[in-house]
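Let's take a friendly walk through this protein, one element at a time. Have the sequence and the 3D view at hand as you read.

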Amino acid sequence: MSENNVEVMELIENLYSMVSEAWGVPLGNDKCIIERENVLEILNDIKTRIPVELAEAKRLVSARDEFISNAKREAESIRKNAEDRARAMLEEQEIVRVAKAHSAELVSNAEYKSKELRRVANEYVDEILRRTEETVGSALKSINQSRASFRSLAGAVPSAPASVSSEDAAEEKE
């Protein structure tokens, strides 16, 4: 299981397959037999990969911030260049009017591009964070379900985790 390119969702799928394909216990409809070492290995792999995915999300947020900062610097540079050109053309009225119009257009375009780049970067990072949140949530749910299965196999009374909703608790009772 120790491949570097295995993603958390693949590990969760493997764990799910392992539990769903496990041998049933006689007279125990919801109970099965699985190899503890394999499950523990998969769970350890999941525990080690989740921080990596979170670090990737943080890296993307940092890259987005740098991207926005670069766009602002570029917009400021364009604005300064437009102002410098406008000052150089102050000699004649018509040239000044044209320069001001062009300068305003450049600034407007730069601000529009900056806003658009920020919007696109925010959507991209939001999507990455959403997928990471789903992955982490799915992994937690799978771990909670596995833990409940382990407890029921061991004959222990399962205690409802703090994050389990009333619907999940009702499903566990069934």
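## The buried face of α1

Four residues of α1 are buried: Val8, Leu11, Ile12 and Leu15. This is a predicted model, so do keep that in mind for everything that follows. Looking down the axis of α1, you will find its buried residues within an arc of 100°, so they line one face of the helix. The general geometry of helices helps here: an α-helix has 3.6 residues a turn, so residues three or four places apart point the same way.

As for its length, α1 is made of 13 residues and spans 18 Å from its first C-alpha to its last, close to the 18 Å expected at 1.5 Å a residue.

## The overall plan

Stepping back, the protein has 4 helices and 2 strands, and along the sequence they follow the pattern α-β-β-α-α-α. The chain has 174 residues, of which 22% count as buried. Its accessible surface is about 12,900 Å², and carbon and sulfur atoms hold 53% of that.

How much of the contact count comes from residues 24 or more positions apart? Taking the contacts with a separation of 6 or more, such pairs account for 68%.

## The hairpin

Next come the two strands. Strand β1, residues 23–25, pairs with strand β2, residues 28–33, in the antiparallel sense, and the pairing runs over 3 bridges. If you would like one bridge to look up, try Gly24, whose partner in β2 is Cys32.

Between the strands of this hairpin there are 2 residues, and Leu27 takes a positive phi near 65°.

## The largest nonpolar core

Which residues have the most contacts inside the largest nonpolar core? They are Val8, Ile46 and Ala139, in a core of 13 residues. Both α1 (8–20) and α2 (36–88) supply at least two residues of this core. The largest share comes from α2, with 5 residues.

Val8 is a good place to start exploring. Leaving out residues up to four places away in sequence, Val8 touches Ile46, Arg49, Ile50, Glu53, Thr135 and Ala139. Two of those names, Ile46 and Ala139, also appear with Val8 among the residues with the most contacts inside the core.

## Glu53, a partner of Val8

Glu53 sits in helix α2. Is Glu53 buried or partly exposed? Its relative accessibility is 22%, so Glu53 counts as partly exposed, given that buried means under 20%.

Beyond its neighbours within four places in sequence, Glu53 is in contact with Glu7, Val8, Thr132 and Thr135. One of these partners, Glu7, lies 46 residues away along the chain, while the C-alpha atoms of Glu53 and Glu7 are separated by 8.9 Å.

## Where α2 meets α3

Ala57 belongs to helix α2, and Ile128 to helix α3, which covers residues 93–154. Both are buried: Ala57 has a relative accessibility of 4%, and Ile128 has a relative accessible area of 13%.

The contacts of these residues are worth tracing in the viewer. With residues up to four places away in sequence set aside, Ala57 touches Ile128, Leu129 and Thr132. On the same basis, Ile128 touches Ala57 and Leu60. The C-alpha distances show how the chain brings distant positions together: Ile128 and Leu60, 68 residues apart along the chain, are separated by 8.2 Å. Likewise, Ala57 and Arg130 are 73 residues apart in sequence and 9.9 Å apart in space, C-alpha to C-alpha.

## Back to α1, by way of Ser142

One more residue of α3 rounds off the tour. Ser142 lies in this helix and is buried, with a relative accessible area of 12%. Which residues does Ser142 touch, not counting those up to four places away in sequence? The answer is Ile12 and Leu15. That brings us back to where we began, for Ile12 and Leu15 are among the buried residues of α1.

Technical notes:
Residues are numbered from 1 along each chain as its sequence is written. This is a predicted model: local features need pLDDT of at least 70, side-chain atom pairs count only at pLDDT 80 or more; totals for chains, interfaces and linings use all residues. Side-chain values use heavy atoms; hydrogens and water are left out. A nonpolar core is a set of buried Ala, Val, Leu, Ile, Met, Phe, Trp, Tyr and Cys residues joined through side-chain atoms within 4.5 Å. Buried means under 20% relative accessible area, exposed over 50%, partly exposed in between (1.4 Å probe, protein chains only). Contact means heavy atoms within 4.5 Å. The expected span of a helix is 1.5 Å times one less than its number of residues. The arc is that of the directions from the helix axis to the C-beta atoms. Accessible areas come from the Shrake-Rupley method with a 1.4 Å probe; for residues, only the protein chains shown count as cover. Two strands pair if DSSP finds at least two bridges between them.
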